[in-house]
Amino acid sequence: MTEKGDARCEICYRNEAVGGGSFRTNVENNMVKSFSRVGEVIQSTQADGSCEEVNLEYWDFRFSNYCNFKCRTCNPSYSTSWLEDAKAMGQYIPDQGGWKNNSEGRVKLIESYADKVKEIYFAGGEPLIMEEHLKVLNLLKDKKRFDVKLRYNSNLSTLNFKGNDFVNDFWKQFKDVVISGSLDAVGEKSEYIRSGTNWTQLDRNIRRLVDGKFNLNFNITVSSLNVFYLDEIVEYFISVGHIKPNKHEPHRSYGFIYNVVHFPEFYRVEHMPDAAKKFCYNKLKTYEESFQKRFEVKYTLFDEVFNALNAKSNPAMFEDFKLYTIQLDKLRAESVSKTLPELSQFFD
Ligand code: SF4
């Protein structure tokens with residue numbers, strides 16, 4: 001509102017600096033334009049941020065951190081499944097924020113605004129396995145509010161919950177459903193990086209959403225774990241029909257975005273040894289060139305990633321990354337050298 005930067009927005013600024021979009025720019029470019037009352041709300045907001053009349057048109061509720069995955073780049077603040085591993089690793093366990101779940105109060109609040117709402121964003125944890133998410137969908141269905149836009153951030157591990165099939169029982173009736181799936185790798189690499197993944201099931205769910213012509217896009221969290229394998233994800237998107245590159249497109253099709261990891265810092269791709277960065281750059285560049293030739297397109301695929309790779313490295317961080325990866329391997333009976341050999345060759 002004041003047009004001044006804020007230190008709390010650091011992650012968005014960092015994503016924008018390497019040439020990617022951010023939650024902040026998404027809100028500015030899409031959301032602000034779609035709400036008619038923005039000017040009115042700004043006018044009625046006091047200098048301390050308070051506002052007397054709140055007509056909630058856009059809801060962004062994280063009901064809890066309940067999640068069935070324990071992705072390597074995540075932590076217990078966002079996923080309940082991380083708790084045991086975090087304890088075993090002697091990590092700090094937060095006792096507030098995600099752990100306190102006032103879901104009943106939030107559902108009641110939502111009920112009282114159910115006639116005003118225009119758009120709801122569900123994230124988590126994993127929203128599709130949350131009771132509260134189902135309650136909200138039933139509430140909207142009962143009120144025949146199929147005009148409400150639904151947006152999701154999901155790991156897409158399941159499309160069913162408590163006997164309800166989200167596709168058939170809900171989403172097909174709503175006018176606008178936007179699903180952002182998280183995908184950091186393909187096959188067993190996905191199962192290793194995003195622990196909890198059953199690749200066969202995930203692949204089936206993705207194909208179902210693609211075939212159902214849902215408005216589907218993907219967030220790829222780019223870290224030292226998966227940066228070597230981003231070409232495999234693009235190839236997977238082509239194989240399931242999620243992206244269809246063609247020579248008339250001026251830009252990369254909007255089927256996926258990169259979230260380059262900034263924290264924990266040791267996961268940043270910039271901290272890899274020079275030899276690893278070079279190996280990775282060459283692999284992705286070779287793929288990009290063959291992609292351009294194959295589909296006769298001029299646009300590039302990995303600019304944000306190359307920018308991140310070019311940033312100054314801190315070798316001590318890569319040492320921390322190795323230790324952390326090996327420690328998690330032991331705890332989870334997994335093996336980086338078996339699953340990610342292109343990466344582990346730089347561990348010696
Ligand atoms: S699915 Fe999302 S919330 Fe769950 S562990 Fe992975 S990154 Fe964290």
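Tutor: A salt bridge is a side-chain nitrogen of Lys or Arg within 4 Å of a carboxyl oxygen of Asp or Glu. Keep that in mind as we look at this predicted model.

Student: What makes Asp147 and Arg145 a salt bridge?

Tutor: Their side chains meet at 3.0 Å, N to O. The cut-off is 4 Å, so the pair qualifies.

Student: Is Arg145 called buried or exposed, and why?

Tutor: Arg145 has 12% relative accessibility. Buried means under 20%, so Arg145 counts as buried. Its partner Asp147 has a relative accessible area of 42%, which lies between 20% and 50%, so Asp147 is partly exposed.

Student: How many salt bridges are there by this rule?

Tutor: The count comes to 24. Another of them joins Arg72 and Glu334, whose closest N and O atoms are 2.8 Å apart. Arg72 lies in the loop between β2 and α4, and Glu334 in the loop between α13 and α14, so the pair ties together parts that are 262 residues apart in sequence.

Student: Which accessibility class does each partner fall into, Arg72 and Glu334?

Tutor: Arg72 is at 1% relative accessibility and therefore buried, the limit being 20%. Glu334, at 24%, is above that limit but not over 50%, so Glu334 counts as partly exposed.

Student: How do you know that Arg207 and Asp203 are about one turn of the helix apart?

Tutor: Both residues lie in helix α9 (residues 199–211), 4 residues apart. An α-helix has 3.6 residues a turn, so residues three or four places apart point the same way. Arg207 and Asp203 also form a salt bridge, with 2.9 Å between the closest N and O atoms. Asp203 is buried at 16%, while Arg207 is partly exposed at 35%. Elsewhere, salt bridges with shared partners join Lys70, Asp85 and Arg332 into one network.

Student: Why is Asn217 said to make a polar contact with Ser180?

Tutor: The two side chains come to 2.8 Å. The cut-off for the N or O atoms is 3.5 Å, so this pair falls within it. Asn217 sits in strand β9 (residues 215–222) and is buried, with a relative accessible area of 7%. Besides Ser180, residues that Asn217 touches include Val178, His242 and Tyr254.

Student: Why is helix α10 described as largely enclosed?

Tutor: In α10 (residues 230–239), 7 of the 10 residues are buried, so the rest of the structure largely encloses the helix. Among the buried residues are Leu230, Ile233 and Phe237. The buried residues of α10 pack against α9, β9, β10, α11 and α12. Just after α10, Gly241 takes a positive phi of about 85°.

Student: How many aromatic pairs does a search of the whole structure find?

Tutor: There are 28. One of them is Phe146 with Phe174, at 5.2 Å centre to centre and 80° between the planes. The centres are within 6.5 Å and the angle is over 60 degrees, so the rings pair and count as edge-to-face. The pair links distant parts of the chain, 28 residues apart. Phe174 is buried at 6%, and Phe146 is partly exposed at 21%.

Student: What makes up the shell around the ligand?

Tutor: The shell divides into 5 nonpolar, 3 polar and 2 charged residues. Cys67, Phe69 and Arg194 are among the residues that surround the ligand. Gly125 also belongs to the shell, and Gly counts as polar in this scheme.

Note on methods: Residues numbered from 1 in each chain as written. Predicted model: local features only at pLDDT ≥ 70, side-chain atom pairs only at ≥ 80, totals over all residues. Heavy atoms only, no water. Near = heavy atom within 4 Å. Helix = DSSP H or I, 4+ residues; strand = E, 2+ residues; numbered from the N terminus. Buried < 20%, exposed > 50% of the residue type's maximum accessible area, 1.4 Å probe, protein only. Polar contact = N/O pair within 3.5 Å; in protein donor to acceptor, adjacent residues only side chain to side chain. Contact = heavy atoms within 4.5 Å. Phe/Tyr/Trp six-rings, centres within 6.5 Å; stacked < 30°, edge-to-face > 60°.
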